[in-house]
Amino acid sequence: MDALTHIQKRLEPELDHMNRIIREALHTDNEMMNHVVNNYLQTKGKQIRPIMVILSAKFFGDVNEHVLHASAALEMLHNASLIHDDVVDETFLRRGKNTINNEWGNHIAVLVGDYFVANALAASISTGNLSIISSLSNLGKELSLGEVDQICNVRDHRFDESHYISMIRKKTASLFMNCVKMGAEAVNVKPEEYTPLMKFAEILGLCFQIRDDIFDYFEDKLIGKPTGNDLREGKVTLPLLYAFGESQETGKEMQKLLMKGDLSENEISVLVDFAKESGGVDYAFSKMRKMQLEADKLLDVYPDSEWKTAFKELFEYIISRDR
């Protein structure tokens, strides 16, 4: 049993309750909406983000209804972003199943994503906590800005690590930070108490995205996902960014190849192989390990507990996972 499965088992009652809140919130009299939503919810994914909300609450106190509604709000907002991303990226499979846009078209997919957003806000209001509502609202802005930053990086050919880190901080790490923040605030913890854990969550979120980006350099035969999907969209992630700087002459040629756009499968393979052979993937793993050490030190201010251990185990899982 891997670390995430172990944590999921320990939090099973809370996660079941949260998923029930989500199903009830999304239920409507519209038969088509119910069909689309229910089919989508059949594959819940890992639910790492609501797990972090619940872990944060347990870290500082105990789980209450406000915690569960906060975690439901975050999970619905996260899923809304995935549904909208699938439309923008023209993705047709997610978790091995047809995306909503593939099965129902972009129009329905956008509306379903909007429906998830509206219900996420409603769930946050159920907490009665203005700070949680504000956090969810600010998170929505950060996620949107992160996606726009990614588009700008592609259009302006920004091939440097600092722009990449800034983008994934908004696009991914902000969500992890707010998981911890909302879980802590739902059990009335003061900001000065949860700030170190929030910083831990930020680093964890950065590593989550770096690890996700590494997957693009390897084919996932289980779900039939080929390599180079990010490159097809012009997205340059950490392994290739490192390779550009490490092999400067060849790197310039590879940048020119990337900038011409409309890459063939052979050209994508050339870029993927270049990133690997230049040590880009190894560098990305090394960077995550350094960041993990930095994150572990942030937890030193807190007393040892099973939930502190759970956060560390979750971090290790995120780096070591195979998909």
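**Notebook: a predicted model, residue by residue**

I began with Gln47, which counts as buried because its relative accessibility is 8%. I then looked up where Gln47 sits, and found it in the loop between α3 (31-41) and α4 (48-60). Its backbone caught my attention as well, since phi of Gln47 is near 55°, a positive value in a residue other than glycine.

Before going on I noted that this is a predicted model, and I checked the confidence attached to it. The mean pLDDT of the protein chain is 90, and 98% of its residues reach 70 or more. Among the elements of the chain, strand β1 (residues 93-94) has the lowest mean pLDDT, at 80, while α15 has the highest, at 97.

**Entry: another positive phi**

I looked next at Asn188, where phi is near 65°, again a positive value in a residue other than glycine. Asn188 is placed in the loop between α9 (161-185) and α10 (191-215). Is Asn188 buried or exposed? I recorded a relative accessible area of 70% for Asn188, so it counts as exposed, whereas Gln47 is buried at 8%.

**Entry: helix α14**

I turned to helix α14, which covers residues 265-277, and I noted that its 13 residues reach 18 Å from the first C-alpha to the last, close to the 18 Å expected at 1.5 Å a residue. I listed its buried residues as Glu267, Ile268, Leu271, Val272, Phe274 and Ala275. Seen down the axis of α14, these buried residues fall within an arc of 160°, and so they line one face of the helix. In my notes I set beside this the general point that an α-helix has 3.6 residues a turn, so residues three or four places apart point the same way.

What do the buried residues of α14 pack against? I found α11 (229-232), α12 (238-246), α13 (248-259) and α15 (280-298) as their partners. On the face turned away from the buried side, α14 carries the exposed residues Asn266 and Glu277. I also followed the chain past the helix, where α14 is followed by Gly279, whose phi is positive, near 85°.

Glu267, one of the buried residues of α14, deserved a further look, because its relative accessible area of 18% places it under the 20% limit for buried. The side chain of Glu267 meets that of Lys260 in a salt bridge, at 3.1 Å from N to O. Lys260 counts as partly exposed, with 48% relative accessibility.

**Entry: salt bridges elsewhere**

How many salt bridges does a search of the whole structure find? I noted 11 of them, and kept in mind that side chains of opposite charge can pair when their charged atoms come close.

I looked up the pair Glu14 and Lys58, whose side chains meet in a salt bridge at 3.1 Å, N to O. This pair links distant parts of the chain, with Glu14 in helix α2 (residues 12-26) and Lys58 in helix α4, 44 residues apart. Glu14 is buried, at a relative accessible area of 15%, and Lys58 is buried too, at 14%.

I then looked at a pair within one helix, for Glu202 and Lys199 both lie in α10, 3 residues apart, about one turn of the helix. Glu202 forms a salt bridge with Lys199, the closest N and O atoms being 3.1 Å apart. I recorded Glu202 as buried at 8% relative accessibility, whereas Lys199 is partly exposed, with a relative accessible area of 34%. When I followed these two further, I found Arg169, Lys199 and Glu202 linked in a network of salt bridges.

**Entry: cysteines**

I searched for disulfides, and the structure holds 0 of them. Why does Cys207 not bond with the closest cysteine? Its sulfur is 16 Å from the closest cysteine sulfur, in Cys179, and this is too far for a bond because a disulfide needs the two sulfur atoms within 2.5 Å. Cys207 counts as buried, at 0% relative accessibility, whereas Cys152 counts as partly exposed, at 27%.

**Entry: His69**

My last entry is on His69, which lies in helix α5 (residues 65-88). At 19% relative accessibility His69 counts as buried, since the limit for that class is under 20%. Leaving out residues up to four places away in sequence, I found that His69 touches Ile21, Ala123, Ser126 and Thr127.

Technical notes. Residues numbered from 1 in each chain as written. Heavy atoms only, no water. Helix = DSSP H or I, 4+ residues; strand = E, 2+ residues; numbered from the N terminus. Expected span 1.5 Å × (residues − 1). Buried < 20%, exposed > 50% of the residue type's maximum accessible area, 1.4 Å probe, protein only. Arc of directions from axis to C-beta. Contact = heavy atoms within 4.5 Å. Salt bridge = Lys/Arg side-chain N within 4 Å of Asp/Glu carboxyl O. pLDDT = per-residue confidence, 0-100.
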